[in-house]
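Student: Please take me through one part of this model closely. Pick a sheet, follow its strands, and then show me one side chain in detail. Set it against the rest of the chain.

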Amino acid sequence: MFTGIITDIGEVRVVEQRGDLRARIGCSYDMAGVDIGASIACEGVCLTVVAKGSDWFDVDISAETIGKTNIGTRDWQPGHRLNLERALRVGDELGGHIVSGHVDGVATIEEMHDEGDSVRFTFAAPPSLARFIASKGSVALNGTSLTVNEVEGNRFGVNIIPHTQEVTTWGDAAVGDAVNLEIDTLARYVARLAEAG
């Protein structure tokens, strides 16, 4: 489990196609404190550390994950920056919302414009996921916990404040980018209960 509060910006160093895709990700984490088998959310995708060095870790990425995330629409190449978050530990502050790291689909940035010091983003969600997105609810986009401003059909908006732009990859975002979307877990269960009732 994660919180959607980004704790590092990593960088793809090496990508190698094996049976699965293997990626080496550079980071500033103290890797002595990260075990092989630990989970790290990379752009909101929960991935398992399979090898590590002093300032990097390797992950294997299955075809299923590639097909459900922006890894398949925006290739991870050396130099590509990624939002990173280590798994939540008992006693950690829950500053965002509960995020599983299981990406539901890919949204697209349709519009961006300045609004005060923030940047207002408008996204298009896959129609099958739009019903789970609610005004003033939470979503995780590229692993970042964000509050939804408004929803209209399959389009929704969020504001990203300067601090978030500085400590995540959101300062690099552009119209047309594909972003990993994880809907709020509570919204998923409420919808499922409504269908069953």
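Tutor: Start with the barrel, for context. Six strands close it, in the order β1-β2-β5-β4-β3-β6, and the pairing is antiparallel. Neighbouring strands there are turned by 45° against each other on average, direction ignored. That angle is taken between lines fitted to C-alpha atoms, and angles run from 0 to 180 degrees between N-to-C directions.

A word on the source: this is a predicted model, in which local features need pLDDT of at least 70 and side-chain atom pairs count only at pLDDT 80 or more, while totals for chains, interfaces and linings use all residues. Residues are numbered from 1 along each chain as its sequence is written, and side-chain values use heavy atoms, with hydrogens and water left out.

Inside the barrel, β3 (residues 39-42) and β4 (residues 45-52) run antiparallel and are joined by 4 bridges. Ala-41 has Cys-46 in β4 as its bridge partner. Two strands count as paired if DSSP finds at least two bridges between them. The chain as a whole has 4 helices and 13 strands; these are DSSP runs, helices being H or I of at least four residues and strands E of at least two, numbered from the N terminus.

Now the part to look at closely: the open sheet. Its 7 strands follow the order β10-β9-β13-β7-β8-β12-β11, with antiparallel pairing. The edges are β10 (144-147) and β11 (150-152); each has a single partner strand, so one side of each has no neighbour in the sheet. Neighbouring strands of this open sheet are turned by 35° against each other on average, direction ignored.

Work inward from the β10 edge. β9 and β10 run antiparallel, joined by 4 bridges. One pair is Ser-138 with Thr-147 in β10. The two strands form a hairpin with 2 residues between them, and Asn-142 in the turn has a positive phi of about 50°. Next, β9 (residues 138-141) pairs with β13 (residues 178-183) in the antiparallel sense over 3 bridges. Val-139 has Ile-183 in β13 as its bridge partner.

β13 also holds Asn-180. Is this side chain buried or exposed? Asn-180 is buried, at a relative accessible area of 1%; buried means under 20%, exposed over 50%, partly exposed in between, with a 1.4 Å probe and protein chains only. A polar atom of the Asn-180 side chain lies 2.8 Å from the backbone oxygen of Glu-43. The Asn-180 side chain also reaches the backbone nitrogen of Asn-70, at 2.6 Å. Leaving out residues up to four places away in sequence, Asn-180 touches ten residues' worth of surroundings that include Glu-43, Thr-69, Asn-70, Val-103, Ala-140 and Asn-142. Contact means heavy atoms within 4.5 Å.

What about disulfides? The count comes to 0, a disulfide being a pair of cysteine sulfur atoms within 2.5 Å. The sulfur of Cys-27 is 9.1 Å from the closest cysteine sulfur, in Cys-42, too far for a bond. For Cys-42, the nearest cysteine sulfur is that of Cys-46, 8.7 Å away. Cys-27 is buried at 10% relative accessibility, and Cys-42 is buried at 0%.

Finally, step back to the whole chain. Of its 197 residues, 45% count as buried. Among contacts with a separation of 6 or more, 69% are between residues 24 or more positions apart. The C-alpha atoms fill a box of roughly 45 × 45 × 35 Å along the principal axes.

Key:
A polar contact is a pair of N or O atoms within 3.5 Å; within protein, one must be able to donate a hydrogen and the other to accept it, and residues adjacent in sequence count only if both atoms are side-chain atoms.
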